[in-house]
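Grab a coffee and open the viewer. Here are some short exercises to work through with the structure on screen, each with a solution you can follow step by step.

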Amino acid sequence: MAKAIINTNRSKGQISRNIYGHFAEHLGRCIYNGIYVGEASDIPNVNGMRTDVVDALKRMGIPLLRWPGGCFADTYHWQDGIGPKEGRKKIVNTNWGGVTEDNSFGTHEFLELCRQLGCEPYISGNVGSGTVQEFSDWVEYCNMGGQSPMAEERRKNGRDEPWNVKYWGIGNEAWGCGGNMRPEFYSDLCRQYSTYLRNYDSEHPIYKIASGASEGDYNWTKVVMERAGHTVDAVSMHYYTRPRTAEWADRGPATGFSRNEYFSTLYNTFGMDELVENHSRIIKQYQGARKVGLCVDEWGTWFDVEPGTNPGFLYQQNTMRDALVAAINLNIFNNHCDTVVMANIAQTVNVLQAVILTEGAKMLLTPTYHVFEMYKGHQDARQLESYVETSMVGENGCQVPNLHISASEGRDGVLVTVANLDDQNPAELDCAVSGLGKISRAEGRVLTGTIGAYNDFGAEENVKTVPLAAEVTEDGFKATLPACSVAAFTLK
Ligand code: AHR
């Protein structure tokens with residue numbers, strides 16, 4: 001029996017809903033086919049956006065969407081994607097498969113998508129190959145309500161009111177595909193760009209996010225914070241999970257992997273905790289009186305592409321292993337909600353750790369989707385201190401704790417989310433909740449399967465959430481978590 005304790009008297013504060021954010025790039029079949037099919041498509045759509053995908057993302061509670069990249073952002077010239085579609089420039093997507101990008105999905109379409117989803121837009125601007133003027137004009141185009149050249153241009157293109165886009169990323173991976181810069185050089189550019197990204201409405205100030213470090217590059221965060229921290233509201237960081245021994249060139253398959261690959265992937269996922277702690281510590285050291293947040297604006301699993309698919313499209317299946325990676329990361333972000341202000345899983349549809357896969361008109365929800373759906377009660381809820389007794393499981397030097405937990409108190413009561421990483425043994429949980437009085441109801445749901453279980457076209461409901469019995473006790477509740485599972489309990 002594993003003892004867990006939820007202490008409702010201790011909290012790190014509110015869990016920003018933006019921790020449950022997503023990322024959609026012009027990459028493979030994420031935007032085109034996956035989300036946007038165009039008004040003329042036979043696939044049911046509203047203004048070109050797939051109805052099935054939009055509805056599913058809404059049900060999952062998507063709060064925020066980052067776009068247009070990724071690496072694509074630093075090659076993207078936003079003015080190519082406005083105005084009549086037939087006149088839009090056709091370009092080559094040099095980062096992702098060398099395919100033609102016809103710019104039919106641009107600023108208006110992205111902001112229409114966010115309107116349909118009811119989520120906040122987060123736009124990454126081009127610093128690598130753009131200009132300060134171009135980026136500054138984009139903000140003016142989106143946010144200027146009165147008279148100005150960019151506001152007039154927007155009106156000419158059919159949109160009168162400003163969108164008041166709040167979140168703006170100053171480049172992406174400036175240390176790599178975003179320009180191969182040194183942190184010193186990027187910091188100066190960040191200061192310069194930041195100066196010309198203006199507020200056009202004092203009631204809707206913009207929120208600027210500096211391009212951050214790759215994984216454990218703490219020097220990047222230190223230099224950027226020291227030199228440009230005062231010009232931004234947050235700094236980003238990217239961390240992708242791969243099996244432990246894999247090089248970037250050989251990441252292993254997304255399905256049909258070994259037990260060792262399962263545990264090594266989970267082992268590496270725990271690296272997020274250390275990365276978040278260390279980057280946050282550096283940010284705090286240099287932030288001065290003003291809080292600067294940490295945005296993990298790209299995270300997720302990165303495996304080999306599905307055999308026979310375009311290597312530049314990063315299409316991979318999604319199994320219970322991915323579900324556990326998602327559960328661990330989201331628990332980590334919840335438990336660091338005092339510093340992590342945003343996180344964006346890569347990427348929403350058909351790319352890397354996607355929550356949705358499509359094939360023509362067909363769509364399925366991945367195990368990762370179900371984790372986001374089960375965890376949505378954490379959005380904007382008050383994080384609660386939680387602890388669970390664990391033992392170590394795993395093999396070949398990749399031992400991980402068998403259980404991982406986070407908890408919060410929100411509109412619907414207390415939400416406790418627990419993952420059982422042990423692929424062979426169920427876990428009996430005896431959870432005490434202090435400071436709440438006797439609870440009257442405990443409702444459980446669980447997602448479970450073998451480590452490699454996944455949903456496929458023709459077997460869309462192979463992995464899905466089902467109710468899980470939870471018994472109310474004197475001081476909390478008891479439940480048995482199946483092997484390899486993610487569970488959510490709502491206590492009232
Ligand atoms: O998500 C795929 C790519 O990973 C992004 O374009 C880039 O930012 C990162 O390296």
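**Exercise 1: the ligand shell**

The shell around the ligand splits into 7 nonpolar, 3 polar and 3 charged residues. Keep in mind that this is a predicted model.

Task: find which residues come nearest to the ligand, and which atoms of Cys71, Asn172 and Tyr240 face its oxygen atoms.

Solution.
- Step 1. Start with the 13 residues around the ligand; Glu25, Cys71, Glu173, Tyr240 and Glu298 are the ones that come nearest.
- Step 2. Look at Tyr240: an N or O atom in its side chain sits 2.7 Å from a ligand oxygen. A polar contact needs N or O atoms within 3.5 Å, so the pair qualifies.
- Step 3. Do the same for Cys71. Here a backbone N or O atom is 2.9 Å from an oxygen of the ligand.
- Step 4. Finish with Asn172, which brings a polar side-chain atom to 3.0 Å from a ligand oxygen.
- Step 5. Now ask how much of the ligand is covered: on its own it exposes 280 Å², and the protein buries 94% of that.

**Exercise 2: the disulfide**

Task: locate the disulfide and work out which parts of the chain it ties together.

Solution.
- Step 1. Searching the whole structure turns up 1 disulfide.
- Step 2. The partners are Cys71 and Cys177, with their sulfur atoms 2.2 Å apart. The cut-off is 2.5 Å, so this pair passes.
- Step 3. Check the twist: the angle about the S-S bond is -85 degrees, making the link left-handed.
- Step 4. Place both ends. Cys71 is in the loop between strand S6 (64-67) and strand S7 (91-92), while Cys177 is in the loop between strand S10 (167-170) and helix H5 (183-196), so the link joins parts 106 residues apart in sequence.

**Exercise 3: pocket and cavity**

Task: describe the lining of the largest pocket, then that of the largest cavity.

Solution.
- Step 1. The largest pocket holds about 600 Å³ of space. Of its 19 lining residues, Lys376, Gly377, Arg411, Asp412 and Leu415 lie nearest the centre.
- Step 2. Sort that lining by class and you get 4 nonpolar, 6 polar and 9 charged residues.
- Step 3. Helix H10 (367-374) and strands S21 (413-420), S23 (442-448) and S27 (485-491) each give at least two lining residues.
- Step 4. Turn to the largest cavity, with a volume of about 30 Å³. Tyr76, Trp78, Gly125, Asn126, Glu134, Phe135 and Trp138 line this cavity.
- Step 5. Helix H3 (residues 132-143) provides the largest share of the cavity lining, 3 residues.

Methods
Residues numbered from 1 in each chain as written. Predicted model: local features only at pLDDT ≥ 70, side-chain atom pairs only at ≥ 80, totals over all residues. Heavy atoms only, no water. Near = heavy atom within 4 Å. Polar contact = N/O pair within 3.5 Å; in protein donor to acceptor, adjacent residues only side chain to side chain. Areas by Shrake-Rupley, 256 points an atom, 1.4 Å probe, with all protein chains shown as cover. Nonpolar A, V, L, I, M, F, W, Y, C, P; charged D, E, K, R; others polar. 1 Å grid on protein atoms, 1.4 Å probe; cavity = no way out; pocket = protein on both sides within 12 Å on 5 of 7 lines; lining within 4 Å. Points joined across faces, edges and corners; volume = space filled by probe spheres on them. Helix = DSSP H or I, 4+ residues; strand = E, 2+ residues; numbered from the N terminus.
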